[in-house]
Amino acid sequence: MIAWGRVHGRRDLPWQQEPSPYTVWISEIMLQQTRVETVVGYFRRFMAEFPDVSALAAASEDAVLAQWSGLGYYARARNLHRTARIVVHAHGGVFPDTLTELTNLPGIGRSTAGAILSLGHQQPAAILDGNVKRVLARHHSFDSDLSSAAAMRQLWAWSEEKITGLREVGAYTQHIMDLGALVCTPQAPACGDCPVATDCSARKTGSTHRIPVKRRRRELPLRSTQMVLTLDARDRIQLEKRPARGIWGGLWSLPESAPDASEPVREWPVVRHVFTHFQLDILPVRARLRGHGEDGGATRAWFTIGAALQLGLPAPVRRLIEILQQEMDSENDPHRTLQKTG
């Protein structure tokens with residue numbers, strides 16, 4: 001596999017260029033439940049803003065969430081920020097190099113710690129991300145539900161077994177992830193290109209299409225809410241900061257009820273947003289405050305549209321504010337006014 005990876009593995013991903021415990025950590029957290037194609041741009045922007053753990057630790061939570069806006073699973077970003085501060089203040093800005101110390105940090109599990117150790121510290125450590133699970137399950141024709149605790153114990157045992165006595169653990173770690181991403185794909189794996197196809201049990205039994213076994217997805221429940229895009233007399237929009245816990249924790253969002261002394265609201269089409277465990281129908285409405293808006297302490301404030309778009313916002317909220325900005329630009333367009341009156 002290592003020989004195959006030297007020829008066919010990925011080399012152009014930005015976190016591969018100068019791997020360090022910091023860059024490996026950031027990329028691994030971003031890649032959790034997020035596609036590589038999506039992560040590349042976010043990673044580059046994040047690293048430009050926070051090039052090292054000290055810069056990340058010194059930033060405000062709002063600044064970190066602003067760079068994360070749109071990636072989802074925002075607890076990941078809050079844990080990144082907390083961990084950065086712990087690394088700086090408790091470890092002198094140097095990432096720990098033991099599994100126990102790493103997994104004691106917020107948001108770092110066993111697999112992420114293994115990646116930091118093997119790719120960042122060049123130490124022998126196993127990983128078990130989604131690609132590796134699929135490769136191991138097929139190679140061993142493992143037809144148990146991978147979400148079970150027993151299945152995870154078996155997969156970890158195989159993952160540890162593969163690196164026992166191996167010198168180039170970092171190369172192996174990278175290339176088994178490459179194998180899952182490029183060859184042993186979820187659908188229609190390219191078994192003819194696989195370097196370990198000769199002893200792959202699932203290939204021998206023709207069962208690659210049904211391995212790994214996954215639980216049947218249940219229908220997601222549907223919830224609904226109203227979000228109000230309220231402008232005051234200075235064309236500022238009101239936003240509220242969500243609690244640290246819960247969906248969109250710590251992000252700025254739209255109020256879900258109209259303020260007092262507003263003109264009648266105007267409804268927009270419903271927007272549906274899909275979370276992991278439920279779907280949310282958002283009824284956006286646009287309102288205008290007759291006077292100047294007043295801030296409501298630390299949780300509610302008024303921002304210009306430009307300033308609002310620089311904050312950490314949930315993806316559907318950002319899109320709604322962008323639509324509002326387009327409407328305002330159109331309403332203020334003198335050519336449009338001439339056409340209406342001409």
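1. Let me start with a salt bridge in this predicted model: the side chains of E160 and R110 meet at 3.1 Å, N to O. E160 sits in helix α11 (residues 149–163) and R110 in helix α9 (residues 110–120), so the pair ties together parts that are 50 residues apart in sequence. Burial falls in the middle class for both partners: E160 counts as partly exposed at 34% relative accessibility, and R110 is partly exposed with a relative accessible area of 36%.

2. How many salt bridges does a search of the whole structure find? It finds 12. One that you may like to look at joins the side chains of D62 and K241, at 2.6 Å from N to O. This pair links distant parts of the chain, with D62 in helix α6 and K241 in strand β2 (residues 236–241), 179 residues apart. D62 is partly exposed, with a relative accessible area of 27%, and K241 is partly exposed too, at 26%. Another bridge brings E37 and R35 together at 3.5 Å, N to O; both of these residues are exposed.

3. Now to the rings. The structure holds nine aromatic pairs. Among them is W15 with F43, an edge-to-face pair at 5.3 Å centre to centre, with 75° between the planes. That pair links distant parts of the chain, W15 in helix α2 (residues 14–17) and F43 in helix α4, 28 residues apart. W15 and F43 are both buried. F46 and F50 also pair edge-to-face, with 4.9 Å between centres and 65° between planes, and both are buried. Ring pairs further link Y22, W25 and F95 into a cluster.

4. Two arginines are worth a look for charge over a ring. The charged end of R45 sits over the ring of Y42, 4.8 Å from its centre, while R223 lies over the face of F278, 3.9 Å from the ring centre.

5. Which members of the largest nonpolar core touch the most other members? Of its 93 residues, they are Y22, W25, I26, F46, I237 and L239. Leaving aside residues up to four places away in sequence, I26 touches F43, F46, M47, L56 and L80.

6. Finally, helix α7 (residues 75–91). At 1.5 Å a residue, its 17 residues should span 24 Å, and its end C-alpha atoms are 23 Å apart, which agrees. Its buried residues include L80, H81, T83, A84 and V87. Their cover includes α3 (21–30), α4 (36–49), α5 (53–58) and α6 (61–68). After α7 comes G92, with a positive phi near 65°.

Technical notes
Residues are numbered from 1 along each chain as its sequence is written. This is a predicted model: local features need pLDDT of at least 70, side-chain atom pairs count only at pLDDT 80 or more; totals for chains, interfaces and linings use all residues. Side-chain values use heavy atoms; hydrogens and water are left out. Helices (H or I, at least four residues) and strands (E, at least two) are DSSP runs, numbered from the N terminus. The expected span of a helix is 1.5 Å times one less than its number of residues. Buried means under 20% relative accessible area, exposed over 50%, partly exposed in between (1.4 Å probe, protein chains only). Contact means heavy atoms within 4.5 Å. Rings of Phe, Tyr and Trp (its six-membered ring) pair if their centres lie within 6.5 Å; planes under 30 degrees apart count as stacked, over 60 as edge-to-face and the rest as tilted. A charge sits over a ring if NZ of Lys or CZ of Arg is within 6 Å of the ring centre and within 35 degrees of the ring normal. A nonpolar core is a set of buried Ala, Val, Leu, Ile, Met, Phe, Trp, Tyr and Cys residues joined through side-chain atoms within 4.5 Å. A salt bridge is a side-chain nitrogen of Lys or Arg within 4 Å of a carboxyl oxygen of Asp or Glu.
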